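Colleague: I am new to this structure and should be grateful for a close look at one part of it. Please take the charged side chains and their pairings, and then the cysteines.

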Amino acid sequence: MKINKIFTSIFAVGALMLSSCEKSFEELEKDPNRPVNVPASLVLQGVESDMFNNTGRPFSAEMRWNQFFCSNYNYYATNEYTWTQTPNHYNTLKNVIKMEGEAKRAGLADINGYSALGKFFRAFFFEQMTTRVGDLPMTEALLGITNVTPKYDSQKAVYVQILKWLDEANNDMAALIAKGETSVTGDFYYGGDVRKWQKAVNAYKLRVLISLSKKDMDADLNLKTRFAEMMSNPTKFPVLGNLSDNLEYRYNNFNKYPSNPDNFGFDATRQNMSKAYVEPLSLMKDPRVMITCEPAGSELKAGKLASDFSAYVGASSAEDLTDMSDKAGRNNGAGFAPGLYSFQNRNRYYRNYVAENTFVVGYSEMCFNIAEAYHLGWATGDAETWYKKGIQASFDFYGIKNGVNTMTYSRSGGREAADLATFNIDFNFDTYYNQSSVKYAGKTAKGQEQILTQKYVAFFMNSGMESYFNWRRTGFPKFYSGVGNGNSNRIAVRWQYPLSERTTNADNYKAAISSQYGGKDDINDTIWLLK
């Protein structure tokens, strides 16, 4: 009996060893405690987070480069344009592919909500990279070990593909809506509403079209025809209708607005407002400056009221940082906030954790993009109507209405209730608009500058670096360059390629910089988009 038991045990062990040997290396390598498949809805949320978090959050370095605000304390940050490599979004694009694959694995049809969104995300993240560097690996990219050294596509080819993806996304969403498939699980921007996503896709397409304005005679891009088709066929190309359609990120007490009560003591006096943003608003007697900024303590000490537009002062981003630090920290005495410059409004940005929503693609921007396209003569339409809509939408975003508006500021620079005071501003949109500095000057250089200036101030702390990209394309509004910018007193106009390209795809990288920039990978060279 004992001998039989021994033989039985030996046989069982041998069978187990044999079965283990029959497993492939890939099977043995799998960790049973780690999932290899997840629902497409979870992957979608990661991609959507990257769209907001990795393209320029409020009060980030990107917003300094937009010249919305300045750092006055060089231990933590400067105002220099001395960036190096571009943000690398290929890992996010890999997750887009994973999301699409998981949707198919779950049994969804070839055209489904995730695949339609995937086309939009491809367009969005490739555009984020190409607008910074120029040519990109695209056609041969994202193939895994099949091709680890992809060739570069020209920037023009990348944009042609971006426009194709956006058209396909629009068409696929229209087909899904027609079948009653109007929801995508996991989406936190629109609660899965495909109908709202379709509007955002088309609003984003308008952004891409206007970003290519220097290429409006290129037959392959066909910008004027594309724009005219969109404007003449709103049924096929629905767009954002108001602020409620914004593609925007909403904050809560866990996902906090970047400026909030927790970091008031850290950055509230180290970040002052910039001249590029504050001065146009002050000169236009624009109450938005009183929503977003504090009056300068030195101006109040000199006898001005918080209701005086001239009490709001920004620093040039080109100013020597030592000088800016001295001016921003100057003691104005008891009862007054420090400094010669305005700071971000304590009540709006430090009162709680939600401040304001951050739009990735917004209605006001879309209105200005349409206005500029009509201004450029891309189609027959009324540029002024869309220009006014954009301004009105921005006022609505800040809650400014005709009549009496109550503003809140800090007398001492603090954020506690005892520090705060209020005043009233009587606002009338028609009176504001009829100022010569605001009223659309028609198809003149001043008219375009007005559109771009109003778009710029409406972008404040939103949409990543779109403000900078618009300035880089048009020269409007005025940005400040000088010693504070670093980079030999220049504002850089492109980024370098990721370090990984230089180390793992060296031959194709060298060919790309040779064909575009004479063999240099320089932040001061001009990309095809701007030539």
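How many salt bridges does the structure hold?

Modeller: The model is a predicted one, and the structure holds 29 salt bridges. As a general matter, side chains of opposite charge can pair when their charged atoms come close. Three of these pairs may be taken in turn, each with the accessibility of its two partners.

Let us begin with arginine 288, which forms a salt bridge with aspartate 286. The closest N and O atoms of this pair are 2.6 Å apart, and that separation qualifies because a salt bridge requires the nitrogen to lie within 4 Å of a carboxyl oxygen. Arginine 288 has a relative accessible area of 1% and is therefore buried. Aspartate 286, at 0% relative accessibility, counts as buried too. Elsewhere, salt bridges with shared partners link Lys119, Lys164, Glu168 and Asp172 into one network.

The second pair joins aspartate 193 to arginine 195, with 3.1 Å between the closest N and O atoms. Here the two partners fall into separate classes of accessibility. Aspartate 193 is buried, since its relative accessible area is 18% and the limit for that class is under 20%. Arginine 195, by contrast, has a relative accessible area of 44% and so is partly exposed.

The third pair consists of lysine 236 and glutamate 229, whose closest N and O atoms are 3.5 Å apart. Lysine 236 is partly exposed, at 37% relative accessibility. Glutamate 229 is likewise partly exposed, with a relative accessible area of 34%. In this salt bridge, then, neither lysine 236 nor glutamate 229 counts as buried.

There remain the cysteines. A search of the whole structure finds 0 disulfides. Cysteine 70 illustrates why: the closest cysteine sulfur to its own belongs to cysteine 293 and is 11 Å away, too far for a bond. A disulfide would need the two sulfur atoms within 2.5 Å. Taken from the other side, the closest cysteine sulfur to that of cysteine 293 is in cysteine 70, again at 11 Å and too far for a bond. Both residues are buried: cysteine 70 has a relative accessible area of 0%, and cysteine 293 is at 0% relative accessibility.

Methods. Residues numbered from 1 in each chain as written. Predicted model: local features only at pLDDT ≥ 70, side-chain atom pairs only at ≥ 80, totals over all residues. Heavy atoms only, no water. Salt bridge = Lys/Arg side-chain N within 4 Å of Asp/Glu carboxyl O. Buried < 20%, exposed > 50% of the residue type's maximum accessible area, 1.4 Å probe, protein only.
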